[in-house]
Structure formats: C-alpha cells, structure tokens
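New to this one? Take a look at the structure first, then use the notes below as a quick tour.

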Amino acid sequence: MSFSFSSSSLSSPVTTTGKIPKRVFIPFTASEVDRYNRGNLIEPSKEFPRIPVAQRTFDDTANLDSTGWKACTHPEGALYFCDIQRRIYTDSDVRDVKTLQTIEKCISRLSDLAKYHTITFPEPSPSQPSSPSLELVLELTKGKRKECRYYFVDVQKRLLFWMHEWIPERMYANLRGVKEPSHIKIALEMQYWMHCELYPHERTFDTAIYRELCGFVIHANAESITSDTSLAPFDSTELSKMMDIIRVLQDSIGQVNDPLFCVVARFMCIFSRIHFLNFHGQACARLDVDRTVYSSPDRRRCMSILLRMLSIFLFGAPWRYVEALRGVWVDETVNLPRWRTFVGNIINEWGGFTIYSTVMLAVDMSLLGIVHTDITAYQSVAVIATYISVVCTVGSIVASVVLTGMWRDKAENAEGVAKYMTKITDTMIGVDNMAIMFSVPFGLLIWGMTSFLVAFLYVIFRSSYPPTLATTTPGIVLVIVLVAWPVWVAVEMSLGRWLKSAVVVWHRVVETGWEVKGLGRQSVKSWRGREGSPRPIEPRKFSVGTIETGILDTGSRRDSAPTSFGREGRRTNSVSWAETPENAQPRAGVGAGFGTAGDTRNLHASENASEPQRYWR
C-alpha cells in the first residue's frame with residue numbers, strides 16, 4: 001500500500017531549506033531499534049582538553065533549545081533525542097542540521113498519512129503534555145537506500161500501530177499459530193513496554209500498573225515454589241529479589257524517575273513476552289512449561305530410526321536424554337531456570353563419567369601388566385578385550401571433556417540458548433541428534449567396563465587351578481544376579497512405552513484372543529476357549545467398575561498407576577480397593593475387584609462404572 005500526499009509543515013521552529021531527498025517509510029518495531037549496533041566510534045586521541053579558568057558551564061556546543069528537541073540520556077548511557085511537546089523520539093542525531101531537516105520532513109509526511117486515516121498527530125495543544133495518547137518514533141537508516149523507519153504508539157491502549165500494512169515477523173519471534181487478535185494484542189503490548197524502556201524520559205507509572213506488576217511477580221513466585229513445571233522465566237531466588245525491587249518502587253508511583261520507570265517497563269515487557277509465547281488467554285494456552293501446544297503427545301514421543309538403532313548400541317542412554325531434551329526444548333522455546341538445571345545435571349554427569357573412565361583406564365593398565373607377564377598370552381582374548389576397554393575409556397574421557405567445554409557457557413542467556421538450540425537441532429533428526437551426542441560418554445564407558453569384564457573373566461576361567469574356580473565362580477554368579485536386577489529395570493525403562501505395548505498386545509492375542517481395543521478382533525482364539533463353551537464371569541458381589549474386553553489383565557489396567565498426576569507438584573493419590581456391602585456405591589475412577597472368589601483381579605474402574613459388562617473367558 002502506497003500513498004502520495006503534499007507535505008504540510010507542522011508547527012516547528014525548524015525551516016527546511018534546500019532539496020531534501022524523499023525517504024521511503026518502512027514500518028518497524030521497538031525491538032528493532034538499532035541502538036546497540038550504531039557503529040559510532042571515538043577517535044583515540046592522546047591529547048587531553050584544557051579547562052579554562054573559572055568555567056562552570058559545560059553545555060554541548062550544539063544547542064537544541066530553539067528547535068524544540070532535547071538530548072536525553074538513557075539510564076544505560078545511550079543518547080537519544082525527543083520533542084517532549086509533540087512526543088516524538090529518535091535515535092538519529094538531530095544536532096546535525098541536515099538530519100534534523102530530514103526528520104521534520106518525515107514527520108510532516110507521516111502526519112498527513114495519519115490524517116488520511118482520521119488520526120490527528122501531533123495532538124493539538126494537549127492539556128497534559130507529559131501524558132499524551134499518541135507518540136511517534138523515527139529512525140533514519142544509513143547507506144545508499146534512504147529509508148525512514150517508524151512506528152506510532154497508543155499510550156492508552158498500550159500498543160504500536162503503523163500507517164502501512166505489513167507483517168512484523170520479528171515481533172512474532174517465529175512463533176507458529178499466531179492468529180487471534182487478542183494474541184496479537186499481547187505481542188503489541190510487549191513492544192509497547194519495550195518502547196517505554198527505550199525512551200523513558202518524563203514518564204510515570206500509576207497505581208494500577210504497579211499492582212499489575214506486583215500480581216505478576218507474586219503469582220510467578222508462588223508458581224515456581226508449588227509447581228515443577230512453572231512457566232515463570234525466573235527461579236524463586238530471582239523472583240524474591242524482584243519482589244524486593246518492587247517494594248522500593250512503591251514510593252515512586254506517579255513520580256518522574258527515568259531509571260525506576262525503566263525497571264517497571266522491563267519487568268512488564270518480560271511478562272508480556274512470556275504471555276505471548278505461551279498463548280496466554282487462548283483456548284490452546286500452554287499451562288505447563290514442558291507441554292507442547294502443537295503436536296499430540298503420541299507424535300511427540302516419536303523417535304528416529306537412527307536413535308532407536310544407536311540406543312541399543314549406547315545402552316538406552318539416547319532414550320533418556322531425548323525425553324529430557326524434549327522437556328526443556330518445547331516448541332523451540334527455552335525456559336531459562338529449567339534449562340540451567342538441565343545443563344547443570346548433564347555437566348555433573350559428564351564429570352562423573354570422566355572420573356569413572358580415569359579409574360577404568362588405570363585398572364586396564366594394571367590388567368595389561370598382569371597379562372603381559374605370560375608371553376604366550378600376548379594376543380589372547382584378555383589382551384584384545386583390554387585394548388578395546390582402553391580405547392573406549394579414553395574415548396569417554398575425550399567426549400566428556402569436549403561436551404563439558406561446549407555446554408558450560410550455554411546456561412546464561414535464554415536468547416543465545418534458543419538460537420544455539422535452533423541451529424543444532426535444525427537437522428533431519430532434530431533433538432535426537434543432541435540425545436545421541438550426549439550419550440557418547442556413557443555408552444563408551446559401559447563398553448569399556450564390559451570389555452574389561454570379558455578380559456577379567458577370561459583370565460579367571462583360563463586358570464586350571466581348582467580352588468580359584470571354586471571360590472570365584474559362586475561370587476561371580478551372585479554378583480551377576482544382583483547386578484542384573486537394576487540393569488533390567490533400567491533397560492526396561494529405557495526401551496520405551498512402544499516395546500511394552502507391543503509385548504502386551506502380543507500377550508493378549510496369543511493367550512486370550514480377546515478383542516484388543518483399537519486393533520480389531522484377533523483371529524487367534526483363546527486356548528481355554530477351545531476346551532469347552534465359553535462361560536461368563538460375573539462381577540463379584542458388591543464390586544464396582546466396568547470390564548472392558550481386551551483390557552483386563554493379570555495385573556492392573558494398562559497405563560494405570562497408583563498415583564495420578566495433574567500439574568507437577570499437585571498430586572492426588574488413588575487407591576485400588578474392593579467395596580464392602582456397607583460402602584458399595586458406583587464410583588468412577590476407583591479401583592475394584594472382579595472375578596470369582598478364586599480368580600479376583602484388580603484394575604482401575606472405567607469411566608462408566610455404573611454399567612458393568614460381561615466378558616467371555
């Protein structure tokens with residue numbers, strides 16, 4: 001959309017002389033203000049200026065009093081300029097006459113564009129110059145292409161607006177699924193607070209803003225304490241410090257104080273950004289930090305073929321790491337407190353692997369010294385296995401050191417972490433790539449231990465001395481039995497739910513022949529059913545619940561657990577129990593006993609507990 005209007009000068013003491021090239025208007029946002037990359041450098045002169053006698057005035061040579069503009073200093077130290085009467089701000093140096101004339105020309109043209117849309121800017125003689133409803137920010141670009149970037153601000157509605165239709169991609173922060181106007185309004189409000197932080201000159205905040213900010217901080221603090229999946233971008237310690245700052249701000253309500261207003265604006269901008277990224281106020285709002293708003297949980301659990309293959313080689317470690325990564329890298333967003341905890345844990349793990357690998361390397365060298373005393377066993381199985389153990393343990397040490405150095409400084413800046421994660425996961429297998437990389441130290445360490453165990457057992461059982469075999473064999477068997485238990489539990493947990501489901505389905509098909517939910521009627525009949533006609537099993541007297549064909553099993557119902565989890569940190573215990581005649585009432589969600597007196601099976605009641613069904617065995 002383009003407009004062409006005749007320029008009418010505003011009430012400004014600056015008169016434009018000479019031919020000024022027309023600037024192309026480009027909409028931009030407060031987050032795109034190029035304040036931190038201006039490129040202005042100082043000549044490193046070694047001459048020190050002389051101070052005249054009795055000089056007590058140190059004003060800059062360029063005087064802007066006659067122009068209506070004023071040089072302002074941001075609490076961070078940046079220099080910007082504002083026309084406080086018309087509420088116009090710019091980072092361009094208006095002390096230069098040509099730059100000032102160009103700025104005034106652009107203001108005149110933008111005023112005509114606003115008038116075309118029935119918007120009056122600047123407002124005629126506002127009764128309260130310090131509290132206008134509209135503001136304007138301009139920025140002249142450098143280079144061959146003459147552009148004037150701009151945005152208008154509606155102070156009362158807390159948003160930015162423009163005179164040209166465009167798509168503010170950077171404002172949306174690559175967030176997918178932004179459609180609703182109320183959601184876009186949150187993004188514009190975030191930009192408004194960023195604008196207030198950039199240009200805080202003679203601004204004040206009232207009691208309503210102060211109470212709103214207090215509510216945000218107190219709620220975030222309570223969430224971080226009571227929930228493990230809080231959306232708060234700070235931990236409890238940081239939020240407590242923020243509360244201390246907010247208590248100090250209470251005495252500055254309604255007072256002009258640029259540094260304190262910057263603090264308020266920055267806090268409000270942070271919470272507005274969190275609301276925007278988590279679809280605050282939308283039907284699909286993210287309520288837990290580890291919950292995605294785009295894909296279903298089943299799709300989120302999908303893993304690449306490469307990860308499944310290497311998980312077997314790396315003893316299931318990639319499965320564990322991929323679940324942890326998907327809990328902290330959700331929808332390409334990062335929650336900094338949760339990310340810091342994750343990085344701290346994996347760095348501690350890699351440090352432990354380094355210690356274990358160092359010990360294993362020393363043990364391997366000792367075993368090699370023992371084996372090499374026998375010249376005939378120079379190329380025996382024990383020597384080869386020990387060589388493999390040495391290579392694996394050294395590889396584990398190198399991988400741990402490299403990964404620790406790579407990730408040690410990746411827990412401080414949320415924006416930097418998000419960019420790094422986007423870059424490193426922008427591959428065909430995504431997060432699985434990182435999970436495999438994180439698993440290398442653990443996998444190599446286990447292979448080193450396994451190779452050492454093979455070499456050690458070979459040395460023992462190669463011995464022909466009977467007392468050695470008689471004393472070591474029972475101990476080895478006992479240790480294997482004791483170690484196999486936790487190893488099997490770890491492997492079973494690492495195999496994932498997909499393998500468990502496959503085993504359960506196969507067990508039902510072969511053993512019962514029941515109709516498995518979601519898979520249709522199975523062709524394999526129950527072995528018990530072949531012996532005679534099927535007989536129904538009635539629910540035990542006074543028991544409550546529903547039997548779903550194909551779901552009843554010798555244990556509890558699939559995917560059920562004694563503890564039901566809603567929000568992390570808010571847990572409700574459910575107990576499986578059999579009703580007695582005194583308390584028998586149809587209730588949903590309560591465990592019940594089914595079967596005969598000799599064949600009672602516990603399971604969780606289905607949703608419709610008042611209509612028990614019959615099934616055939």
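**Quick briefing**

The side chains of R145 and E147 pair up in a salt bridge, with 2.3 Å from N to O. Keep in mind that this is a predicted model. The protein has 617 residues, and 41% of them count as buried. Its secondary structure adds up to 16 helices and 13 strands.

**Salt bridges**

- The structure holds 21 salt bridges.
- Back to the opening pair: R145 is exposed, with a relative accessible area of 52%, whereas E147 is buried at 15%.
- E197 and R266 also meet through their side chains in a salt bridge, at 2.6 Å from N to O. E197 sits in helix α3 (residues 181-198) and R266 in helix α6, so this pair ties together parts that are 69 residues apart in sequence.
- Within that pair, E197 is buried, with 13% relative accessible area, while R266 counts as partly exposed at 37%.
- R86 and D83 form another salt bridge, 2.7 Å from N to O. R86 counts as buried at 8% relative accessibility, and D83 counts as buried at 5%.
- A network of salt bridges links R158, K185, E189 and E212.

**Nonpolar cores**

- In soluble globular proteins, nonpolar side chains tend to be buried together.
- Here, the largest nonpolar core has 73 residues, and the members that touch the most others are W69, L136, L138 and Y151. Helix α6 (residues 258-277) supplies the largest share of this core, with 9 residues.
- Another core lies apart from that one; it has 38 residues, among them V371, V383, M421 and M434.
- What does Y151 touch, leaving out residues up to four places away in sequence? Its contacts include F28, V33, L136, F161, W162 and Y199, and also E135 and H195.

**Links across the sequence**

- Among contacts between residues at least 6 apart in sequence, 69% join residues at least 24 apart.
- W166 offers a good example to look up: its C-alpha atom is 7.4 Å from that of P27, although the two are 139 residues apart along the chain.
- W166 touches P27, F28, T29 and E32, again not counting residues up to four places away in sequence.
- You'll find W166 in the loop between β7 (159-161) and α2 (169-172), and at 25% relative accessibility W166 counts as partly exposed.

**Backbone oddities to look up**

- F121 and P122 are joined by a cis peptide bond, with omega at about -5 degrees. P122 lies in the loop between α1 and β5 (134-140).
- T118 is found in the loop between α1 and β5. Phi of T118 is near 60 degrees, a positive value in a residue other than glycine.
- R87 has a phi near 60 degrees as well, again positive in a residue other than glycine. Look for R87 in the loop between β3 (79-83) and β4 (88-90).
- Are these two residues buried or exposed? T118 is exposed, with a relative accessible area of 74%, whereas R87 is buried at 1%.

**Two threonines with polar partners**

- T102 lies in helix α1 (residues 97-116). A polar atom of the T102 side chain is 2.9 Å from the backbone oxygen of K98.
- T67 is in the loop between β1 (24-27) and β2 (70-73). A polar atom of the T67 side chain is 3.3 Å from the backbone nitrogen of W69.
- T102 counts as buried at 7% relative accessibility, and T67 counts as buried at 11%.

**Out on the surface**

- The accessible surface of the protein comes to about 35700 Å², and 59% of it belongs to carbon and sulfur atoms.
- Which residues make the nonpolar surface patch of about 450 Å²? They are L478, V479, L482, V483 and V487.
- From that patch, L478 is found in helix α14 (residues 466-495). L478 counts as exposed because its relative accessibility is 51%, and the cut-off for exposed is over 50%.

Terms used:
Residues are numbered from 1 along each chain as its sequence is written. This is a predicted model: local features need pLDDT of at least 70, side-chain atom pairs count only at pLDDT 80 or more; totals for chains, interfaces and linings use all residues. Side-chain values use heavy atoms; hydrogens and water are left out. Patches are made of residues with over 30% relative accessible area and no salt bridge: like charges are joined within 9 Å, nonpolar side chains (Val, Leu, Ile, Met, Phe, Trp, Tyr) within 5 Å. Accessible areas come from the Shrake-Rupley method with a 1.4 Å probe; for residues, only the protein chains shown count as cover. A salt bridge is a side-chain nitrogen of Lys or Arg within 4 Å of a carboxyl oxygen of Asp or Glu. Helices (H or I, at least four residues) and strands (E, at least two) are DSSP runs, numbered from the N terminus. Buried means under 20% relative accessible area, exposed over 50%, partly exposed in between (1.4 Å probe, protein chains only). A nonpolar core is a set of buried Ala, Val, Leu, Ile, Met, Phe, Trp, Tyr and Cys residues joined through side-chain atoms within 4.5 Å. Contact means heavy atoms within 4.5 Å. A polar contact is a pair of N or O atoms within 3.5 Å; within protein, one must be able to donate a hydrogen and the other to accept it, and residues adjacent in sequence count only if both atoms are side-chain atoms.
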